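Let's take a walk through this fold, beginning with the backbone and then turning to the side chains. Have the viewer open as you read.

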Amino acid sequence: MAIIGYISRTEHFSAAHRLHSPHLSDAENLETFGKCNHPGGHGHNYVLEVILRGPIDEKNGMVANIADVKRWIKDSVLDYVDHRNLDRDIAFFATRPSTTENLAAFVWMRLCQVMPEGLLNKVIVWETPKNKVIFTGEGVTAKDIEDCTV
């Protein structure tokens with residue numbers, strides 16, 4: 001039986017958004033999201049942590065090569081979200097509010113498209129130093145991953 005290890009990579013990005021749901025009226029959006037529903041939007045300096053879990057390879061001693069992990073995160077997530085407006089620039093948010101919960105799910109689905117199956121363990125997105133979302137892929141289907149576009 002292989003020894004199991006966890007590795008983590010932390011990245012930072014800045015993005016703008018407006019908390020607004022197409023499924024709610026303007027009044028309901030304002031009541032639900034308050035000042036974060038401002039039509040001009042607002043921005044955050046997000047912190048993203050990606051945690052992988054897997055067997056430690058007997059030959060190279062790694063769960064995954066960190067160079068690969070950095071490339072996966074950059075190519076599938078950061079290149080699309082950094083210094084962007086999530087609502088205007090990413091198709092995924094056209095039909096759902098750009099909450100940190102949905103952002104974490106988006107990151108998960110994008111990474112699943114490029115990482116070996118079963119390696120991704122957890123995605124953590126900090127919106128502020130006091131608010132973070134932890135996402136483990138619960139409820140995500142293969143179709144969700146396939147449909148997760150930018």
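How many bridges join strand S1 to S3? There are 2, and these strands run parallel. Bear in mind as you look that this is a predicted model. One spot to find is Ala 16, whose bridge partner in S3 is Asn 85.

Now zoom out to the sheet. It is an open one, made of 5 strands in the order S3-S1-S2-S4-S5, with mixed pairing. At the edges sit strand S3 (84–85) and strand S5 (131–135), each of which pairs on one side only. Helix H2 (residues 66–81) packs on this sheet, where it touches S1, strand S2 (42–55) and S3, and its direction makes about 20° with that of S1. Helix H4 (residues 100–112) packs on the sheet too, touching S1, S2, strand S4 (120–128) and S5; the direction of H4 makes about 145° with that of S4.

Back to S1, this time looking towards S2. Here the pairing is antiparallel and runs over 14 bridges. Phe 13 has Tyr 46 as its bridge partner in S2, and the side chains of these two residues are worth a look as well.

That brings us to the aromatics: searching the whole structure turns up 5 aromatic pairs. In one of them, the ring centres of Phe 13 and Tyr 46 are 4.9 Å apart and the planes are at 20°, so this pair counts as stacked. The two residues are 33 apart in the chain, with Phe 13 in strand S1 and Tyr 46 in strand S2. Both of them are buried.

Phe 92 and Phe 106 make another aromatic pair, a tilted one, with 5.3 Å from centre to centre and 50° between the planes. Because Phe 92 lies in the loop between helix H3 (86–89) and H4 while Phe 106 is in helix H4, the pair ties together parts 14 residues apart in sequence. Phe 92 and Phe 106 are both buried. Ring pairs also bring in Phe 93, giving a cluster of Phe 92, Phe 93 and Phe 106.

Charges join the picture here. The charged end of Arg 96 sits over the ring of Phe 92, 3.8 Å from its centre. Likewise, Arg 110 has its charged end over the ring of Tyr 80, 4.9 Å from the ring centre.

One last stop is the loop between H2 and S3, where you'll find His 83. Is His 83 buried or exposed? Its relative accessibility is 64%, so His 83 counts as exposed. His 83 also has a positive phi of about 60°, although it is not a glycine.

Methods. Residues are numbered from 1 along each chain as its sequence is written. This is a predicted model: local features need pLDDT of at least 70, side-chain atom pairs count only at pLDDT 80 or more; totals for chains, interfaces and linings use all residues. Side-chain values use heavy atoms; hydrogens and water are left out. Two strands pair if DSSP finds at least two bridges between them. Helices (H or I, at least four residues) and strands (E, at least two) are DSSP runs, numbered from the N terminus. Contact means heavy atoms within 4.5 Å. Axes are lines fitted to C-alpha atoms, for helices over the stretch in contact, and angles run from 0 to 180 degrees between N-to-C directions. Buried means under 20% relative accessible area, exposed over 50%, partly exposed in between (1.4 Å probe, protein chains only). Rings of Phe, Tyr and Trp (its six-membered ring) pair if their centres lie within 6.5 Å; planes under 30 degrees apart count as stacked, over 60 as edge-to-face and the rest as tilted. A charge sits over a ring if NZ of Lys or CZ of Arg is within 6 Å of the ring centre and within 35 degrees of the ring normal.
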